[in-house]
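Student: Could we go through this model together, one piece at a time? I would like to see how the contacts fit the fold.
Tutor: Gladly; let us put it on the screen and begin with a pair of facing residues.

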Amino acid sequence: MSYLVAASLVATCLPASAVAQEADSTNVHIQSIKACQGEADPTARLACFDAAAAAIVGATEKGELKIVDREEVRKTRRKLFGFSLPDFGIFGKKDKEGKDEEEIQELETTIASVSGSHGTGYTIRTAEGAVWRIDQVPRRLLEPKSGDKLLIKNAALSSYFIRINDQGGVKAVRVR
């Protein structure tokens with residue numbers, strides 16, 4: 001199953017009124033296809049579908065519309081793990097039957113780069129490009145290095161714990 005998504009909505013966080021406008025413009029494409037289905041005359045139906053398809057292709061080429069499949073949505077949700085975003089209905093918490101999809105509770109990845117020290121705290125970039133910050137570094141934590149295994153877990157009150165190479169978890173914040 002594919003999702004029709006306005007490309008500008010994916011790229012930026014828009015105000016609620018803009019989100020509603022974007023959703024309405026996407027619905028225009030779906031409504032035009034639905035209208036074609038009701039056309040009784042085969043020639044008129046084909047012409048209608050051709051016009052609707054041309055409008056969708058044109059909007060896609062202009063960057064006004066993007067078709068996103070379920071796997072792309074999962075990848076995007078993985079990349080955004082650690083951020084609180086409003087529910088635009090596109091990175092979705094609902095599957096095609098309207099049931100809640102399982103929200104990501106933890107993320108396993110690797111460290112791409114590290115800066116900082118025990119005294120100043122660590123800034124860690126993951127393989128996906130996310131940047132996490134550990135401000136209060138416990139003495140027991142061994143210095144993280146590129147290539148280390150990283151497990152990031154949801155914790156209470158919108159906080160996160162990072163576990164580096166199966167060491168004990170430390171509180172971290174997603175910064176980028």
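Student: Which residue in strand 7 is the bridge partner of Ile 152?
Tutor: Keep in mind that this is a predicted model. Strand 6 covers residues 149-154, and strand 7 covers 160-164. The two strands run antiparallel and are joined by five bridges. In strand 7, the residue that bridges to Ile 152 is Ile 162.

Student: Which residue in the turn of the hairpin between strand 6 and strand 7 has a positive phi?
Tutor: Most residues other than glycine have a negative phi. In this hairpin five residues lie between the two strands. The one in the turn with a positive phi, about 55°, is Leu 157.

Student: What sheet do these strands belong to, and in what order do its strands run?
Tutor: Strand 6 pairs with strand 3 in the antiparallel sense over five bridges, and strand 6 is also joined to strand 7 by five bridges. The sheet is a closed barrel of six strands with antiparallel pairing. Its order is 3-4-5-8-7-6.

Student: By how much are neighbouring strands of this barrel turned against each other on average?
Tutor: The barrel has six strands, and the angle is an average over neighbours that ignores direction. The value is 45°.

Student: How many bridges join strand 3 to strand 4?
Tutor: Strand 3 spans residues 106-117, and strand 4 spans residues 121-126. A hairpin connects them through three residues. Across this antiparallel pair, Ile 111 stands opposite Thr 126. The number of bridges joining the two strands is six.

Student: And where strand 5 meets strand 8, which residue is the bridge partner of Trp 132?
Tutor: Strand 5 holds residues 131-134, and strand 8 holds residues 170-174. They pair in the antiparallel sense over two bridges. The partner of Trp 132 in strand 8 is Arg 174.

Student: Let us turn to Thr 109. Is Thr 109 buried or exposed?
Tutor: Thr 109 is found in strand 3, where it stands opposite Leu 150 in strand 6. Its relative accessible area is 9%. The cut-off for the lowest class is under 20%, so Thr 109 counts as buried.

Student: With which side chain does the side chain of Thr 109 make a polar contact?
Tutor: Thr 109 has a relative accessible area of 9%, yet its side chain takes part in a polar contact. The distance is 2.7 Å, and the partner is the side chain of Glu 128.

Student: How many salt bridges does a search of the whole structure find?
Tutor: Side chains of opposite charge can pair when their charged atoms come close. Arg 133 pairs with Asp 135 in one of them, with the closest N and O atoms 2.8 Å apart. The search of the whole structure gives a total of three.

Student: Which residue meets Lys 153 in a salt bridge?
Tutor: The N to O distance in this pair is 3.9 Å, which lies within the 4 Å cut-off. Lys 153 is partly exposed at 37% relative accessibility, and its partner is partly exposed at 39%. The two are 47 residues apart, one in strand 6 and the other in strand 3. The residue that meets Lys 153 is Glu 106.

Student: With which residue does Asp 166 form a salt bridge?
Tutor: Asp 166 lies in the loop between strand 7 and strand 8, and its relative accessible area of 57% makes it exposed. Its partner is in strand 6, 17 residues apart, and is partly exposed at 40%. The closest N and O atoms are 3.1 Å apart, and the partner is Lys 149.

Student: What is the phi of Asp 166?
Tutor: The loop between strand 7 and strand 8 also contains Asn 165, which has a positive phi near 50°. Asn 165 is partly exposed, with a relative accessible area of 36%. Asp 166 has a positive phi too, although it is not a glycine, and its value is about 65°.

Definitions and conventions. Residues numbered from 1 in each chain as written. Predicted model: local features only at pLDDT ≥ 70, side-chain atom pairs only at ≥ 80, totals over all residues. Heavy atoms only, no water. Pairing = 2+ DSSP bridges. Helix = DSSP H or I, 4+ residues; strand = E, 2+ residues; numbered from the N terminus. Axes fitted to C-alpha atoms, helices over the stretch in contact; angles between N-to-C directions. Buried < 20%, exposed > 50% of the residue type's maximum accessible area, 1.4 Å probe, protein only. Polar contact = N/O pair within 3.5 Å; in protein donor to acceptor, adjacent residues only side chain to side chain. Salt bridge = Lys/Arg side-chain N within 4 Å of Asp/Glu carboxyl O.
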